[in-house]
Amino acid sequence: MKTTLFILILLLSIKSFGQIEAITEKGDTIYVYENGTWKDKLKVKKTNLKGLNVKTTIKVDEFTNKKTVSTESWTSFGISSSKAKLSGSASFYNNGIYGVTLTLSADLGCMSQQRSTMKVKLSNDEIIEFIQASKTDCGSYIYANFIPVTKADLENKDYLKLMRDNVEILKEFDWVSIRIQGTEYYTDILPRKSKKIEKPEQFFRQHFSAIDNKL
């Protein structure tokens with residue numbers, strides 16, 4: 001039996017879209033994907049997190065003492081193929097839910113609650129999927145809230161842990177591209193650098209890290 005890549009599946013963590021962190025018989029850590037491909041973890045492109053300067057607003061429930069944390073909006077940190085600019089902020093609610101609220105001038109049909117999605121491709125080639133949590137809205141201007149789990153994840157009793165795991169991944173890697181899917185169409189978005197937003201590709205890292213620093 002060939003032993004060129006004899007993977008000892010330790011299941012250190014199971015990621016979204018079937019990615020598994022595993023160890024080979026030589027002790028090397030790799031990412032194994034659902035389609036059978038793999039990548040050496042040491043070769044995954046990582047960048048330093050820019051100094052945190054995201055402002056946050058905190059509200060504390062006077063009865064439960066639980067915090068709701070919201071970040072300031074980043075304006076025009078992404079741009080679509082039609083030159084529409086993406087803006088957004090992030091939040092943590094006292095029920096344990098993380099979310100991002102995004103605005104974009106685009107007609108994708110309707111933005112439908114628990115149907116429309118956002119997929120975020122990261123610099124390690126992993127894709128994290130979000131489901132729309134806000135109410136259904138139709139029109140040529142998107143204003144929607146997304147949470148970092150799939151619709152199937154919401155049926156899992158441990159969906160908050162799955163969400164937390166996705167947030168940890170989003171805090172570790174820069175985003176490369178975003179796809180927002182409406183009921184009829186989708187649009188792809190790339191980072192847009194500006195004088196105000198030097199590291200637009202660190203939107204999720206910056207905002208979720210700022211939130212977690214306040215919890």
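**Strand β8, one disulfide and one cavity**

Strand β6, which spans residues 67-71, runs antiparallel to β8 and is joined to it by two bridges. The model described here is predicted, and β8 itself covers residues 85-92. Beyond the pairings of this strand, the briefing takes up a single disulfide and the one cavity of 30 Å³ or more that the count gives.

**Strand β8 and its partners**

- Seven of the eight residues of β8 are buried, so the strand is largely enclosed by the rest of the structure.
- On the side of β6, valine 69 has phenylalanine 92 of β8 as its bridge partner.
- Strand β7, made up of residues 74-80, is likewise antiparallel to β8, with three bridges between them, and tryptophan 74 finds its bridge partner in glycine 88 of β8.
- β7 and β8 together form a hairpin in which four residues lie between the strands, and lysine 83 in that turn has a positive phi of about 75°.
- Strand β9, residues 98-104, is joined to β8 by six bridges, again in an antiparallel arrangement, and serine 91 stands opposite glycine 99 of β9.
- The hairpin of β8 and β9 has five residues between its strands, and glycine 96 takes a positive phi near 90° there.

**The disulfide**

- Cysteine 110 and cysteine 138 are joined by a disulfide, with an S to S distance of 1.8 Å.
- The link of these two cysteines is right-handed, with 100° about the S-S bond.
- Distant parts of the chain are linked by this pair, since cysteine 110 belongs to strand β10 and cysteine 138 to strand β13, 28 residues apart.
- Cysteine 138 has a relative accessibility of 47% and therefore counts as partly exposed, given that the partly exposed class lies between the cut-offs of 20% and 50%.

**The largest cavity**

- The largest cavity has a volume of about 60 Å³.
- Its lining includes both cysteine 110 and cysteine 138, together with, among others, Ala106, Leu108, Met111, Asp137 and Tyr143.
- The elements that give two or more residues to this lining are β10 (110-111), β13 (137-138) and β14 (142-147).
- Sorted by class, the lining of the largest cavity consists of eight nonpolar residues, two polar residues and one charged residue.

How values were computed
Residues are numbered from 1 along each chain as its sequence is written. This is a predicted model: local features need pLDDT of at least 70, side-chain atom pairs count only at pLDDT 80 or more; totals for chains, interfaces and linings use all residues. Side-chain values use heavy atoms; hydrogens and water are left out. On a 1 Å grid over the protein atoms alone, a cavity is a set of points where a 1.4 Å probe fits but cannot get out, and a pocket is an open set with protein on both sides within 12 Å along at least five of seven lines; lining residues have an atom within 4 Å of a point. Grid points are joined across faces, edges and corners, and a volume is the space filled by probe spheres set on the points. Ala, Val, Leu, Ile, Met, Phe, Trp, Tyr, Cys and Pro count as nonpolar, Asp, Glu, Lys and Arg as charged, and the others, Gly among them, as polar. A disulfide is a pair of cysteine sulfur atoms within 2.5 Å. Buried means under 20% relative accessible area, exposed over 50%, partly exposed in between (1.4 Å probe, protein chains only). Two strands pair if DSSP finds at least two bridges between them.
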